[in-house]
Amino acid sequence: MLIWALKKTTLLDYPDKIATIIFTVWCNLRCGFCHNKEFVLPNEIKKIDDLIPEKIFFNFLKTKVWVLDWVVICWWEPTVHKDLYDFCKSIKDLWFLIKIDTNWQNPKILKKLINEKLVDYIAMDIKTSFLNYQKATWVKEDIENYKESIELLIKSWIDYEFRTTLVKGIHNLEDILEISKTISWSKKYYLQNFKGWNTLDDNFCWTSFSLEELYEFENICKKYVENVHIREYDQ
Ligand code: SF4
């Protein structure tokens, strides 16, 4: 696993539980509003030698077996790494719980991890409605993967959340209505507001929504998903 950074302890992901967060590199999508171009684009990653060796990470974990509860594997897209399965297995051998943040593009690996109980929580990005997906991600995608991943989570035994980073200029009320219908009956849905800085597209000029607009989106979602929340930061 290519580990760009490690946040050794945080209570942010789970109140009352201590997690460590691993930040990986590379992503299969090219969302114009992404804040992380230096880690998303392979040719922007200049200091590959500065990545944290797995051995150092596992040595750290072994010293924290009695302190940490969760390992969070996130940004920029964990499922693009072919060794994700083995990596999770090695973490599970140390009895940690695992959360993965993903953009849903690889349902096969997610299914394998869920079936073999190698993941305990998945946070899945839903960039926008089916029809407008390319507008948000700048990549032509197989929407069947999208549908498969959503269905997989809704039917799975593990805990999960869906989330969307809302950008004024990309999202509108129809998109949010469509997303809500697609994930109706799901457990949790978070609406996150875009913060416009250091975007992947240098000329990106779209903005964030006002709090009132976010509440309007929230009310639409609540018709289909019971548990909807607004997060004031985006990912
Ligand atoms: S916003 Fe997320 S999914 Fe989109 S390019 Fe950035 S890291 Fe990838």
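Visitor: Where do I start: are Asp125 and Lys127 buried or exposed?
Guide: In this predicted model, both Asp125 and Lys127 are buried. That word is kept for residues with under 20% relative accessible area.

Visitor: What makes the contact between Asp125 and Lys127 a salt bridge?
Guide: The N to O distance between their side chains is 2.9 Å. A salt bridge asks for a Lys or Arg side-chain nitrogen within 4 Å of a carboxyl oxygen of Asp or Glu, so the pair Asp125 and Lys127 qualifies. By this rule, the model has 14 salt bridges.

Visitor: Which residues are linked with Asp125 and Lys127 in a network?
Guide: The network of salt bridges also takes in Lys99, Asp101, Glu161, Arg163 and Arg231. Lys127 has another role in the picture, as one of the residues that surround the ligand. Others there include Cys27, Arg30, Trp76 and Asn103. By class, this shell has six nonpolar, one polar and two charged residues.

Visitor: How do you know that Lys155 and Glu151 form a salt bridge?
Guide: Their closest N and O atoms are 2.7 Å apart, and the limit is 4 Å, so the contact counts. Both residues lie in helix H6, four residues apart, which is about one turn of the helix.

Visitor: Why is Lys155 called exposed, and why is Glu151 called partly exposed?
Guide: Lys155 has a relative accessible area of 64%; exposed means over 50%, so Lys155 earns the word. Glu151 has 44%, which falls between the 20% and 50% limits, so Glu151 is partly exposed.

Visitor: What makes Lys181 and Glu178 a salt bridge?
Guide: Here the closest N and O atoms are 4.0 Å apart. The rule says within 4 Å, so this pair is counted. Lys181 and Glu178 sit in helix H7 (residues 173-182), three residues apart, about one turn of the helix. Lys181 is partly exposed at 40%, and Glu178 is partly exposed at 39%.

Visitor: How many disulfides does the structure hold?
Guide: It holds zero. Take Cys74: the nearest cysteine sulfur, that of Cys27, is 12 Å away. A disulfide needs two cysteine sulfur atoms within 2.5 Å, so Cys74 is in no disulfide. For Cys88, the nearest cysteine sulfur is that of Cys74, 13 Å away, and Cys88 is in no disulfide either.

Visitor: Why are Cys74 and Cys88 called buried?
Guide: Cys74 has a relative accessible area of 4% and Cys88 has 0%. Buried means under 20%, so the word fits Cys74 and Cys88.

Visitor: What makes Trp66 an exposed residue?
Guide: Its relative accessible area is 84%, and exposed means over 50%, so Trp66 is exposed. You will find Trp66 in the loop between helix H2 (54-62) and strand S3 (70-74). Together with Val65 and Val67, Trp66 forms a nonpolar patch on the surface, with about 360 Å² of accessible area in total.

Visitor: Why is Lys140 called exposed?
Guide: Lys140 has a relative accessible area of 73%; the word needs over 50%, so Lys140 is exposed. Look for Lys140 in the loop between helix H5 (133-137) and helix H6 (143-155).

Note on methods
Residues are numbered from 1 along each chain as its sequence is written. This is a predicted model: local features need pLDDT of at least 70, side-chain atom pairs count only at pLDDT 80 or more; totals for chains, interfaces and linings use all residues. Side-chain values use heavy atoms; hydrogens and water are left out. Patches are made of residues with over 30% relative accessible area and no salt bridge: like charges are joined within 9 Å, nonpolar side chains (Val, Leu, Ile, Met, Phe, Trp, Tyr) within 5 Å. Accessible areas come from the Shrake-Rupley method with a 1.4 Å probe; for residues, only the protein chains shown count as cover. Helices (H or I, at least four residues) and strands (E, at least two) are DSSP runs, numbered from the N terminus. Buried means under 20% relative accessible area, exposed over 50%, partly exposed in between (1.4 Å probe, protein chains only). A residue is near a molecule or strand if one of its heavy atoms lies within 4 Å of it. Ala, Val, Leu, Ile, Met, Phe, Trp, Tyr, Cys and Pro count as nonpolar, Asp, Glu, Lys and Arg as charged, and the others, Gly among them, as polar.
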